[in-house]
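Please open the model in your viewer and keep the sequence panel visible beside it. The stops below say what to select next and what is to be found there.

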Amino acid sequence: MTTTRPSAGASADTAAHNGRRSPSQLGKHRWRPWLYALGGLGLAGLVLYAMRPQPVAVDLATVERGALQVTIDAEGQTRVRDRYVVAAPVDGELQRIALKAGDPITVGATVAQIHPLALTSQVEAKQAQRRATEARLNGVETQRPKPAALNQAETRIRATQAQVVQAQARVTEVTAALAQADRDRDRMATLYAQGGIARQDLETLTLAVTQRQQDLAAAQQQVTVAQADQQAAEEALAVLIAEVSDPDYLVDVYEAELAAIDAELASLTDDARRTLITAPAGGRVLTVLEPSARFVAAGTPLLTVGDPNGLELVIDILSTDAVQVAPGNAVQIERWGGNSTLQATVRQVEPAAFTEVSALGVDEQRVNVIANFADPTTPLGDGFRVDARIVVWQSDDMLKVPISALFRCDTDWCAFVTENGRAQQRRLELGPRNDSEAAVAAGLNAGDRVILYPGDQIEAGVQVKARQ
């Protein structure tokens, strides 16, 4: 018969069931409270460690002394300083232009030509018209009375004057004879009354008086006729004299026509001469605007010429920025296609602004700033785009702080500095500034570490650490 021994667990269960504990059970119950206490302490430590304030990771920069520039940044464009637009001086048939952009030219060289035939024909027509007008002017003299006619009229006047004198003398003679006949008749009438003569003698004397009266009337009529002839001769002479000056208005007309023809002829001659178009200056052909042969009107641009080595820079900036720019300011040119920075100097700020619509659709008043390159042999060409920085203020030794460290506190500028691992706020007095740095007049010292881009977590006394 096999005997089965109870296991240890069974013994312990039996012992517990019987109300008794084994020695191993008594040891476990003795250390359990201590284990619970240690676990609670560890858990509390972990909670406290997790809840302790953590330093805020920040970006730091060092305040230092160095060069500082205040610039106005804008886009610019190069252009030839002395650009000449060669235009057609007259209407006509433009011949094909053989020049190409970039070809060298000298002043006075032929760059284009307009066919001169049309203008030459007009010149010849005007010259023929002038000769015809001159002929008409010379023919005016043939319309005037001849000198012989004038002499004949004057001779007739003198003849009629003599006739008047002769007739007046006859009247005087007949008047005297009539007076004498009247006296003879009166004496005979007295004698007849006294019976001294016959009646026939008295009648004869009376008849003589009547004859003398008739002679006087005839003589007076001759005077009237002679005076009428004289007046007619004088009027005829006056008519001839008037006819001498009558064609004078034709002289004025033809001379005015000649003056007008001469003016047109001079203009046409000059136009015919200008059909050969020459370069106004030396340099190179910049652009050819009308390369093909065609009819062009006067004033049509044909090509542009200039000296590519005489470049200048045109920078358009806001009018509010333009008041800070003055002739002599330095200009730094970047992003022009090379690795170096080109230098230029402001020559002029144009006095008038112009309106330009920005990319946001806002009307802006802008001003052109003209600058000269320091090196005239710049590799740039006409119309090249560049980025320009106009230096309006600069210093070689200035305490400066990054703009990203600044923020507004009331009406002042402030910055956070790190002291013993904590952020401390400083009020600053700033000088000139640009887009990245500002000059510090008071509030910071060289070597101070400032916090960049301070957020809402940063305040005075907060622990900070440099971001890795």
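**Stop 1: a salt bridge across a hairpin**

Select Arg 366 and Glu 356, which form a salt bridge with their closest N and O atoms 3.7 Å apart. Because Arg 366 belongs to strand E15 and Glu 356 to strand E14, the pair ties together parts that are 10 residues apart in sequence. Please keep in mind throughout that this is a predicted model. If you colour the two residues by accessibility, Arg 366 counts as buried at 13% relative accessibility, whereas Glu 356 is partly exposed, with a relative accessible area of 34%.

Now extend the selection to the whole of strand E14, residues 354–357, which runs antiparallel to E15 and is joined to E15 by 4 bridges. Within this pairing, Phe 354 stands opposite Arg 366, the residue whose salt bridge to Glu 356 you have just displayed. E14 and E15 form a hairpin with 5 residues between them, and in the turn you can select Gly 361, which has a positive phi of about 80 degrees.

**Stop 2: the other partners of E15**

With E15 still highlighted, which strand pairs with E15 over 7 bridges? Select strand E11, residues 311–318, which pairs with E15 (residues 363–373) in the antiparallel sense. To find one of the contacts in this pairing, display Ile 315, whose bridge partner in E15 is Val 369.

Next select strand E13, residues 342–349, which is also paired with E15 in the antiparallel sense, here over 5 bridges. In this case the residue to display is Val 346, which has Ala 371 of E15 as its bridge partner. As background for the viewing of such pairings, strands of a sheet pair through backbone hydrogen bonds, in either a parallel or an antiparallel way.

Keep E11 and E13 in view and add the side chains of Glu 312 and Arg 347, which meet in a salt bridge at 2.9 Å, N to O. This pair links distant parts of the chain, since Glu 312 is in strand E11 and Arg 347 in strand E13, 35 residues apart. Is Glu 312 buried or exposed? Glu 312 is buried, with a relative accessible area of 3%, while Arg 347 counts as partly exposed at 34% relative accessibility.

**Stop 3: a salt bridge between helices**

There are 26 salt bridges in the model by the distance rule applied here, and another one to select is that between the side chains of Glu 264 and Lys 126, at 2.4 Å, N to O. Glu 264 lies in helix H6 (residues 248–273) and Lys 126 in helix H3 (residues 117–139), so this pair ties together parts that are 138 residues apart in sequence. Glu 264 is partly exposed, its relative accessible area being 38%, and Lys 126 counts as buried at 16%.

**Stop 4: a salt-bridge network and an unusual phi**

Select Glu 75, Arg 335, Arg 385 and Asp 387 together, as these residues are linked in a network of salt bridges. Then centre on Arg 335, which lies in the loop between strand E12 (330–334) and E13. Although Arg 335 is not a glycine, it has a positive phi of about 50 degrees, and with a relative accessible area of 62% Arg 335 is exposed.

**Stop 5: an open sheet**

Turn to the open sheet of 4 strands, which are arranged in the order E3-E10-E8-E5 with antiparallel pairing. Strand E3 (84–87) and strand E5 (104–105) stand at the edges with a single partner strand each, so one side of each is left without a neighbour in the sheet. For the inner pairing, select strand E8 (residues 283–288) and strand E10 (residues 301–306), which pair in the antiparallel sense over 4 bridges. Val 288 can serve as a marker here, its bridge partner in E10 being Leu 303.

**Stop 6: the disulfide**

Finally, select Cys 409 and Cys 414, which form a disulfide with their sulfur atoms 1.7 Å apart; the count of disulfides in the model comes to 1. The link is right-handed, with 65 degrees about the S-S bond, and both Cys 409 and Cys 414 are buried. Then select Asp 410, which lies in the loop between strand E17 (407–409) and strand E18 (412–419). Asp 410 counts as exposed, at 68% relative accessibility, and it has a positive phi of about 60 degrees although it is not a glycine.

Conventions:
Residues numbered from 1 in each chain as written. Predicted model: local features only at pLDDT ≥ 70, side-chain atom pairs only at ≥ 80, totals over all residues. Heavy atoms only, no water. Pairing = 2+ DSSP bridges. Helix = DSSP H or I, 4+ residues; strand = E, 2+ residues; numbered from the N terminus. Disulfide = S-S within 2.5 Å. Buried < 20%, exposed > 50% of the residue type's maximum accessible area, 1.4 Å probe, protein only. Salt bridge = Lys/Arg side-chain N within 4 Å of Asp/Glu carboxyl O.
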